[in-house]
Amino acid sequence: MTRQENSPFHAAEIAVQKRLGVADQVAQYSGGIRKAMPMQHREFFCELPFVILGLVDQQGFPWCMPLFPGAAALSGHSGFITSPIDTRLELQALPVLTRLLNLDFAPGRKVGMLGIQLHTRRRNRMNGVIAEVTATGFGIDVELSFGNCPKYIQTRELRWIKGESAALSVDSAAVVAGIAEQAKSLIAQSDTFFIASRSKLMDSDPRHGVDASHRGGKPGFVKVEGDTLLFPDFSGNRFFNTLGNIESDGRVGLFFPDFSTGNVLLAAGRAEVLWDHPSVNEFEGAQRIIAVTVEKSTYLDQFMPVTGELQEFSPALDGTGVWKDRKPSATSTSSTSTTQTLKLVEKRRESDRVMSFYLAPDNGETIKDYIPGQFLPVEIRLPGHKQPLKRHYTLSSGRADGRYRITVKREENGVVSKALHDHIQVGDVIHAGAPAGQFTLKRNDHAVVLISAGVGITPMIAMLEGLVHEVNQGAAARPVWFIHATQNSQTHLFADELAQLAAQHDWLHLHTIYSRPLQQDKINKHHDSEGHLSIELLKRILPFDHYDFYLCGSEGFMRSIYKALVSTGVQTANIYYEFFGEGTIEEISPSIPSINIATKSQVSFSQSRVSGEWSPDDGSLLAFAEKLGVTAPFSCRSGNCGACMTPIKKGSVAYQTPTSFSAEAGNALLCCAKPAEGSAEVVIDI
């Protein structure tokens with residue numbers, strides 16, 4: 001018997017796993033998909049106040065819908081599901097939408113079921129076959145049973161509002177073509193929906209059938225374009241049951257609940273996985289986009305006999321965003337401004353020259369979301385300076401617990417760093433932009449090597465905290481090597497925090513190099529080796545694996561490590577870096593062609609109504625703007641952050657060396673951009 005025949009996945013699911021390079025890893029832990037329910041799952045289903053069903057209609061479309069019992073189950077009494085044996089569930093309730101949706105609800109038909117506890121974020125799935133159907137309920141013979149992680153589930157407390165199930169609310173309902181207009185606002189504000197999918201074959205093979213699954217995101221994570229819905233596919237359990245079914249058959253059913261009113265939308269249509277579509281870049285955190293063309297739907301007022309007060313958004317959403325072109329609704333509580341006013345709520349010394357600053361919104365609002373590894377642009381207003389001084393500091397915490405943490409080294413020639421250390425006190429207010437930057441962990445299954453020196457540890461500790469949080473939320477752990485170089489224990493930042501994390505997680509490996517150890521610094525206690533980080537040391541530390549390398553430190557440190565990795569055969573596509581200064585990889589990657597720069601160009605700043613003739617001696621467009629007295633946005637001045645990204649209305653620009661941050665189409669990074677050869681005129685929209 002082949003491995004595919006032994007697998008709990010059908011051919012299309014395996015094809016998706018192979019396409020994404022995870023088939024071998026998934027095969028190793030697919031034992032979690034069982035042919036019978038463990039006792040934990042049986043007890044879980046029997047405690048539930050409701051479940052989500054996936055059932056097929058007479059035309060073969062799956063529909064996704066909730067199944068509720070009477071009020072007793074939500075009043076602290078016994079549930080409506082029993083499990084006499086580990087391959088059987090018996091439900092004392094019937095789907096009230098059978099006639100409206102023309103469901104093929106009969107013994108022998110396939111069914112998918114999702115059990116979910118919104119207040120605990122627990123969920124388990126079961127796929128099976130309908131057994132006998134009675135006047136008050138039905139049975140399900142279990143074919144596949146498997147658990148799911150709690151990622152993307154929003155915490156809600158359910159409250160029973162009706163004494164009976166909502167059968168009466170469907171009497172006047174109708175199924176319409178496309179999406180009912182009143183439902184579009186529900187979709188646009190949703191943070192949760194459920195999806196039913198099916199395999200093409202619906203035979204006796206347990207791998208073929210109907211599956212019901214959950215999707216969660218920030219409000220508005222589903223985009224409505226006419227009768228087409230677009231939503232992101234985030235990192236999950238990598239089984240890819242839904243994607244496999246879409247590739248196999250394509251027909252799906254969607255269930256959108258409004259937990260505040262009890263209203264629901266049920267829709268059926270055809271789905272497509274947009275593997276490489278440009279829209280993937282429009283949604284932060286998306287690995288793929290799924291498009292569903294809705295063919296029929298029904299909108300039901302007050303269908304659910306419960307409401308659910310939102311307690312907390314899933315922490316797994318920290319690394320996700322919203323559609324770039326989506327305009328927040330008028331009821332949104334988040335600020336649409338790109339700037340925010342922050343108050344310093346705590347200063348914490350990390351070493352003699354390094355201090356952490358904790359910042360929280362001054363107006364009671366929530367902080368703007370960020371991805372671990374990004375930075376925070378800040379503006380400091382100091383006496384004697386007409387304009388605010390702008391800097392960007394990496395966020396050194398991976399969890400947005402209502403405040404930001406930046407960790408800053410005091411530089412003798414650093415006006416802003418000295419002001420933060422010496423003058424800015426708890427209670428003082430500063431202004432900041434939205435977190436930005438592209439130096440973040442890539443969404444794949446590669447082992448991770450985080451290499452830093454000195455204060456370059458700041459994005460690395462945030463990335464590590466982000467990985468720990470994902471694992472705590474149920475994500476599969478991948479090996480992480482945290483390699484840090486510093487002088488000695490007095491300059492060793494976050495040492496206790498790292499040691500505590502390493503003690504808690506066996507997938508995390510630490511290695512610290514001291515270049516100038518103190519007399520009291522002991523090998524295997526404070527640090528692991530002495531001297532400087534070298535490729536020979538990396539070879540001794542790292543076992544053979546497929547790594548992604550992330551580098552951060554001084555320019556000299558970065559160049560040395562980057563060059564050494566490339567010389568040993570590491571692909572540049574697997575090396576990610578962030579310079580704190582004006583470093584580039586040009587010197588160590590001479591094969592990158594230089595783009596020709598114009599010898600002169602007429603440059604206009606349209607909003608400022610200022611123009612002048614630019615020549616190479618004028619430097620970057622940012623420098624030219626400042627020369628003409630034009631105030632332009634900037635932060636790092638080295639193409640690493642994107643703070644200076646500005647629309648170009650006419651002409652084109654070029655960069656003599658590659659930038660870490662990639663400007664969006666029609667925009668330029670002013671701090672590095674110059675008029676391109678052939679652009680006699682460039683118009684910049686500031």
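A polar contact is a pair of N or O atoms within 3.5 Å; within protein, one atom must be able to donate a hydrogen and the other to accept it. The term is needed at the second stop of this tour, which runs through a predicted model.

**The whole chain**

Begin with everything displayed. The chain holds 12 helices and 36 strands, and 54% of its 686 residues count as buried. Its accessible surface amounts to about 29800 Å², with 48% of that belonging to carbon and sulfur atoms. Of the contacts between residues at least 6 apart in sequence, 72% join residues at least 24 apart.

**Q340 and its surroundings**

Select Q340, which is located in strand β18. Is this residue buried or exposed? Its relative accessible area is 10%, below the 20% cut-off, and therefore Q340 is buried. Display side chains next: that of Q340 makes a polar contact with the side chain of Y404, at 3.0 Å. In addition, a polar atom of the Q340 side chain lies 3.1 Å from the backbone oxygen of G433. Setting aside neighbours within four places in sequence, the residues in contact with Q340 include I367, K368, L376, I430 and P435.

**The six-stranded sheet**

Widen the selection to the sheet that contains β18. Its 6 strands follow the order β21-β20-β23-β18-β19-β22, with antiparallel pairing, and the sheet is open. Strands β21 (389-394) and β22 (404-409) stand at the edges; each has a single partner strand, so one side of each lacks a neighbour in the sheet. On average, neighbouring strands are turned by 40° against each other, direction ignored.

Now step through individual pairs:

- Select β18 (residues 339-349) with β23 (residues 429-433): 5 bridges join them in the antiparallel sense. In this pair, T339 stands opposite G433.
- Select β20 (375-380) with β23: these strands run antiparallel and are joined by 2 bridges. The bridge partner of E379 in β23 is H431.
- Select β20 with β21: their antiparallel pairing extends over 6 bridges. Here V378 stands opposite R391.

Colour β20 by accessibility before moving on. Because 5 of its 6 residues are buried, β20 is largely enclosed by the rest of the structure.

**The helix across the sheet**

Add helix α7 (residues 415-422) to the display. This helix lies across β18, β19, β20, β21 and β22. Relative to β21, α7 runs at about 75°.

**Two nonpolar cores**

Hide the sheet and select F45, V51, L53, M65, L91, M113 and L266. These are the residues with the most contacts inside the largest nonpolar core, which has 49 residues. Centre the view on L53: apart from neighbours within four places in sequence, its contacts include W63, C64, L67, V111, F138 and A212. Another core, of 47 residues, lies apart from the largest one; I179, F240, A286 and L317 are among its members. In soluble globular proteins, nonpolar side chains tend to be buried together.

**Two final stops**

Select helix α2 (residues 11-19). Which of its residues are buried? They are A12, E13, I14, V16 and Q17. Following α2 is G21, whose phi is positive, near 70°.

Finally, select P219 in the loop between β11 (210-216) and β12 (223-225). P219 is partly exposed, with a relative accessible area of 33%. Add A188 to the selection: P219 and A188 are 31 residues apart in sequence, and their C-alpha atoms are 7.3 Å apart in space.

Methods. Residues numbered from 1 in each chain as written. Predicted model: local features only at pLDDT ≥ 70, side-chain atom pairs only at ≥ 80, totals over all residues. Heavy atoms only, no water. Pairing = 2+ DSSP bridges. Helix = DSSP H or I, 4+ residues; strand = E, 2+ residues; numbered from the N terminus. Axes fitted to C-alpha atoms, helices over the stretch in contact; angles between N-to-C directions. Contact = heavy atoms within 4.5 Å. Core = buried A, V, L, I, M, F, W, Y, C linked by side-chain atoms within 4.5 Å. Buried < 20%, exposed > 50% of the residue type's maximum accessible area, 1.4 Å probe, protein only. Areas by Shrake-Rupley, 256 points an atom, 1.4 Å probe, with all protein chains shown as cover.
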